Amino acid sequence: MLDLLVISAHPDDEILIAGPLIATTSARGGSSLILCATNGEAGTGNALDLALPDDIRTVRSRELRCAAEMLGASSVQFLGFIDGGSSGEAIGTPKLTDNIDEASARIEDLILSSAPKVVVTHSQDDPDCHPDHLAISQATARAVERVRTRLPNQPDFYFSAFPDAARRHIVAQGGSLSQAEVADRLAPSLTAPTGCDLEIAITPEIRLQLLRSISCHGSQARSLAPLRSLLLSEQDRLALGFNLAPLSS
């Protein structure tokens, strides 16, 4: 039985939607699997000036495996869909946003075979949500609904309550602010929302693991720089929040 299944859209999303939870699960001796829907071919913030999608795909897949190791994840799998980009403009097939049903069916098979105790994916209520984030969130929700009566122990299913909103702020601020300014502006986004169903504290040990995992994503260094600055700041109370997904009765 798997303790934690994290389902993300792109390499580096695993840090934002569940990095502290993966690290905490590992520290407690639990097992976790990161399932990534795409290989991040359309990713921005490219610090390596990679020209070809195949190069980006290879590099970002390797980066995710490195980050997973830093966080203590047991394994990584890819669904192999095409990253559609923030506006859905990327070219290639099969694009995730066009194949939500297929993605959902494959997630369903994985849940049935691994029987995870907890499933986590992207939030569905961020107004600026990346199309791929919303697509994989919808696919996961559908899959969890279908397996509810087919597993002896139903998994707890959570939407991340922090990362997509935090990513929006991080990207908007860019790298032009000082560490103190970044920490000050992003602190509300890096504190678990009031009333969230599950809160994971970002302890000093987890901060270090997050920083190491960020370092693995070298191709995305520019876009992850503000988050790295925040983790290096003097901000004391950082936490990741999750909301228990409402499932039909």
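Here are some worked exercises on the predicted model shown above.

**Exercise 1: Getting an overview**

Work out how many helices and strands the chain has, and what share of its residues count as buried.

*Solution.*
- Step 1: Start with the secondary structure, which comes to eight helices and seven strands.
- Step 2: Turn to burial. The chain has 249 residues, and 54% of them count as buried.
- Step 3: Now look at contacts with a separation of 6 or more. Residues 24 or more positions apart account for 80% of these.

**Exercise 2: Reading the sheet**

Find the order of the strands in the open sheet, and say which strands stand at the edges.

*Solution.*
- Step 1: Walk across the sheet from one side. The seven strands come in the order β3-β2-β1-β4-β5-β7-β6, and the pairing is mixed.
- Step 2: Check the two ends of that order. β3 (75–81) and β6 (198–201) each have a single partner strand, so one side of each has no neighbour in the sheet.
- Step 3: Add the twist, which averages 25° from one strand to the next.

**Exercise 3: A close look at β2**

Describe how β2 pairs with β1 and with β3, then decide whether β2 is enclosed or open.

*Solution.*
- Step 1: Take β3 to begin with. Strand β2 (residues 32–38) runs parallel to β3, and five bridges join the two. In this pairing, L33 stands opposite S75 of β3.
- Step 2: Go to β1. Here too the sense is parallel, again over five bridges. S8 has C36 in β2 as its bridge partner.
- Step 3: Test C36 for burial. A residue is buried when its relative accessible area is under 20%; C36 has 0%, so C36 counts as buried.
- Step 4: Widen the view to the whole strand. Seven of the seven residues of β2 are buried, so β2 is largely enclosed by the rest of the structure.
- Step 5: Look for a helix that lies across this strand. Helix α1 (residues 13–27) lies across β2, and also across β1 (4–8), β4 (118–121), β5 (156–160), β6 and β7 (239–244). Relative to β1, α1 runs at about 170°.

**Exercise 4: Tracking down the disulfide**

Which cysteines does the disulfide join, and which parts of the chain does the pair tie together?

*Solution.*
- Step 1: Count the disulfides: the structure holds one.
- Step 2: Name the partners. C66 is joined to C216, with an S to S distance of 2.0 Å.
- Step 3: Place them in the chain. C66 belongs to helix α2 (residues 53–71) and C216 to helix α7 (residues 204–216), so the pair ties together parts 150 residues apart in sequence.
- Step 4: Give the handedness. The angle about the S-S bond is -55°, and the link is left-handed.
- Step 5: Compare the accessibilities. C66 is partly exposed at 29%, whereas C216 is buried at 12%. For another cysteine, take C196, which is buried with a relative accessible area of 16%.

**Exercise 5: Two helix pairs**

Work out how α7 sits against α8 and how α3 sits against α4.

*Solution.*
- Step 1: Know what to look for. Two packed helices are described by the angle between their axes and the distance between the axes.
- Step 2: Do α7 and helix α8 (residues 221–232). Their axes come within 10 Å and cross at roughly 155°. That makes α7 roughly antiparallel to α8, and the crossing is left-handed.
- Step 3: Find who meets whom. R207, L210, L211 and I214 of α7 meet residues of α8, among them L224, L227 and L231.
- Step 4: Do helix α3 (residues 100–114) and α4. These axes come within 8 Å and cross at roughly 50°. That makes α3 oblique to α4, and this crossing is right-handed.
- Step 5: List some of the contact. On the α3 side there are residues including I100, A103 and I107, and on the α4 side residues including A135, A139 and V147.

**Exercise 6: Zooming in on A135**

Is A135 buried or exposed, and which residues does A135 touch, leaving out those up to four places away in sequence?

*Solution.*
- Step 1: Locate A135, which is found in helix α4 (residues 131–147).
- Step 2: Apply the burial cut-off of under 20%. A135 has 2% relative accessibility, so A135 counts as buried.
- Step 3: List the residues that A135 touches: L96, T97 and I100.
- Step 4: Take I100 from that list. I100 and A135 are 35 residues apart along the chain, and their C-alpha atoms are separated by 6.2 Å.

Conventions. Residues are numbered from 1 along each chain as its sequence is written. This is a predicted model: local features need pLDDT of at least 70, side-chain atom pairs count only at pLDDT 80 or more; totals for chains, interfaces and linings use all residues. Side-chain values use heavy atoms; hydrogens and water are left out. Helices (H or I, at least four residues) and strands (E, at least two) are DSSP runs, numbered from the N terminus. Buried means under 20% relative accessible area, exposed over 50%, partly exposed in between (1.4 Å probe, protein chains only). Contact means heavy atoms within 4.5 Å. A disulfide is a pair of cysteine sulfur atoms within 2.5 Å. Two strands pair if DSSP finds at least two bridges between them. Axes are lines fitted to C-alpha atoms, for helices over the stretch in contact, and angles run from 0 to 180 degrees between N-to-C directions. Angles under 35 degrees count as roughly parallel, over 145 as roughly antiparallel, 65 to 115 as roughly perpendicular and the rest as oblique. A crossing is left-handed if the near helix is turned anticlockwise from the far one by less than a right angle, and right-handed if clockwise.
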